[in-house]
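Trainee: I want to question the labels on this model one by one. Can we begin once it is on screen?

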Amino acid sequence: MKPAMETAAEENTEQSQERKVNSRAEMEIGRYHWMYPGSKNHQYHPVPTLGDRAGRLSSPGCFECCIKCLGGVPYASLVATILCFSGVALFCGCGHVALAGTVAILEQHFSTNTSDHALLSEVIQLMQYVIYGIASFFFLYGIILLAEGFYTTSAVKELHGEFKTTACGRCISGMFVFLTYVLGVAWLGVFGFSAVPVFMFYNIWSTCEVIKSPQTNGTAGVEQICVDIRQYGIIPWNAFPGKICGSTLENICNTNEFYMSYHLFIVACAGAGATVIALIHFLMILSSNWAYLKDASKMQAYQDIKAKEEQELQDIQSRSKEQLNSYT
């Protein structure tokens with residue numbers, strides 16, 4: 001009877017120790033589930049081998065691959081880039097030709113003395129060089145923003161696996177937000193400035209339309225209808241003639257230089273407005289991308305903590321099993 005009693009006591013001791021170990025593991029698991037409620041239904045999946053990955057990658061057809069690649073295109077950034085390129089091209093190209101036509105009109109009709117409009121000619125020439133720089137800068141800046149859109153889009157995560165972000169990447173995105181905001185404010189000024197020559201040419205054109213109207217065409221007051229370009233401040237008050245009246249003004253409105261310059265200034269102003277819209281669009285995209293990167297960094301830190309906790313739970317469970325095996 002004594003060996004049987006000792007055997008029963010040993011079995012009771014082993015069962016009590018097993019219950020203690022199991023209760024300790026259950027407490028750790030319960031603590032983890034209390035801290036991370038979303039991990040209760042978590043399932044551990046085996047890490048696929050290289051052969052499994054190669055089999056899955058080789059299984060989709062050409063059509064599926066094309067659809068997947070098209071899903072990785074940041075269409076919002078692409079539309080903003082096309083709009084920015086179009087607006088800058090219209091502003092720079094049309095503005096450059098319109099400025100040259102404006103100088104020709106001033107030299108031929110409003111300021112016959114070269115010294116009177118020498119300063120204006122230098123300013124217009126400087127503006128033409130500035131246009132070259134603006135076109136080059138925005139061509140490069142648009143490509144950079146499009147590349148940044150490819151980097152931060154959520155579709156890139158699906159194409160290239162786990163998404164990783166760094167503090168440097170978030171800082172660069174924040175810098176692009178600030179720079180695009182400054183450029184947007186600057187282009188608002190450019191848009192307002194480009195409306196000034198449109199206003200001037202419109203006044204001249206409307207005056208010519210008044211001269212051509214039947215009410216004033218048969219009267220002697222036609223020669224009293226004039227346009228004084230000196231009042232706009234682009235040439236000095238001592239410039240000769242500075243003021244054009246009557247039929248001479250009508251002939252100026254019928255020239256090819258006036259017609260082309262007027263319409264090119266309108267197109268250049270529209271291009272500046274399109275560039276402003278594109279920069280506002282870029283600003284919204286960059287702001288959302290920066291917020292996405294910020295959330296991704298927080299999620300990355302959470303995933304690291306979660307993986308560490310899961311590893312600790314696996315270690316606890318493995319130690320519990322080892323202790324149970326050692327008692328049996």
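Trainee: Why is Phe85 called partly exposed?

Mentor: Its relative accessibility is 26%. Buried means under 20%, exposed means over 50%, and partly exposed is what lies in between (1.4 Å probe, protein chains only). The value for Phe85 lies in between, so the label is partly exposed.

Trainee: What are the ground rules for these values?

Mentor: The model is predicted, so local features need pLDDT of at least 70 and side-chain atom pairs need 80 or more, while totals for chains, interfaces and linings use all residues. Residues are numbered from 1 along each chain as its sequence is written, and side-chain values use heavy atoms, with hydrogens and water left out.

Trainee: Where does Phe85 lie, and what does it touch?

Mentor: Phe85 is part of helix α4. Helices here are DSSP runs (H or I, at least four residues), strands are E runs of at least two, and numbering starts at the N terminus. Setting aside neighbours within four places in sequence, Phe85 contacts Phe138, Phe139, Gly142 and Ile143. Contact means heavy atoms within 4.5 Å. Ala135 sits 50 residues from Phe85 in sequence, with 8.7 Å from C-alpha to C-alpha.

Trainee: What makes Thr81 buried?

Mentor: Thr81 is at 4% relative accessibility. That is under 20%, so Thr81 counts as buried. Thr81 also belongs to helix α4, residues 75-110. Beyond four places in sequence, Thr81 touches Gly142, Leu146 and Phe282.

Trainee: And Tyr132: buried, exposed or partly exposed?

Mentor: Partly exposed, because 45% falls between the two cut-offs. Tyr132 is in helix α5, residues 118-152. From Tyr132 to Cys92 is 40 residues in sequence and 7.4 Å in space, C-alpha to C-alpha.

Trainee: How do you know that Ser261 is buried?

Mentor: Its relative accessible area is 2%. That is under 20%, so Ser261 is buried. Ser261 is located in helix α10, residues 256-327.

Trainee: What makes the link from Ser261 to Glu257 a polar contact?

Mentor: The side chain of Ser261 lies 2.7 Å from the backbone oxygen of Glu257. A polar contact needs two N or O atoms within 3.5 Å, one able to donate a hydrogen and the other to accept it within protein; residues adjacent in sequence count only if both atoms are side-chain atoms. At 2.7 Å, the distance passes. Outside the four-place window, Ser261 contacts Ala98, Gly101, Thr102, Ile105 and Phe201.

Trainee: How many aromatic pairs are there?

Mentor: There are 14.

Trainee: Why is the pair of Phe201 and Tyr262 called stacked?

Mentor: The centres are 6.4 Å apart and the planes differ by 10 degrees. Rings of Phe, Tyr and Trp (its six-membered ring) pair if their centres lie within 6.5 Å; planes under 30 degrees apart are stacked, over 60 edge-to-face, the rest tilted. Both values pass, so this pair is stacked. Phe201 in helix α7 and Tyr262 in helix α10 are 61 residues apart, so the pair joins distant parts of the chain. Both rings' residues, Phe201 and Tyr262, are buried. Elsewhere, ring pairs join Phe91, Phe137, Phe138, Tyr141, Phe176 and Trp187 into a cluster.

Trainee: What makes Arg230 and Asp228 a salt bridge?

Mentor: Their N to O distance is 2.9 Å. The rule asks for a side-chain nitrogen of Lys or Arg within 4 Å of a carboxyl oxygen of Asp or Glu, so the pair qualifies. The count by this rule is 1. Arg230 is buried at 17% relative accessible area, and Asp228 is buried at 16%.

Trainee: Why is Phe178 called exposed?

Mentor: Its relative accessible area is 58%, which is over 50%, so Phe178 is exposed. Phe178 is in helix α7, residues 167-212. With Tyr181, Val182 and Val185, Phe178 forms a nonpolar surface patch of about 420 Å² accessible area. Patch members have over 30% relative accessible area and no salt bridge; nonpolar side chains (Val, Leu, Ile, Met, Phe, Trp, Tyr) are joined within 5 Å, like charges within 9 Å. The areas come from the Shrake-Rupley method with a 1.4 Å probe; for residues, only the protein chains shown count as cover.

Trainee: How many helices and strands does the chain have, and what share is buried?

Mentor: The chain has 10 helices and 2 strands. Of its 328 residues, 33% are buried.
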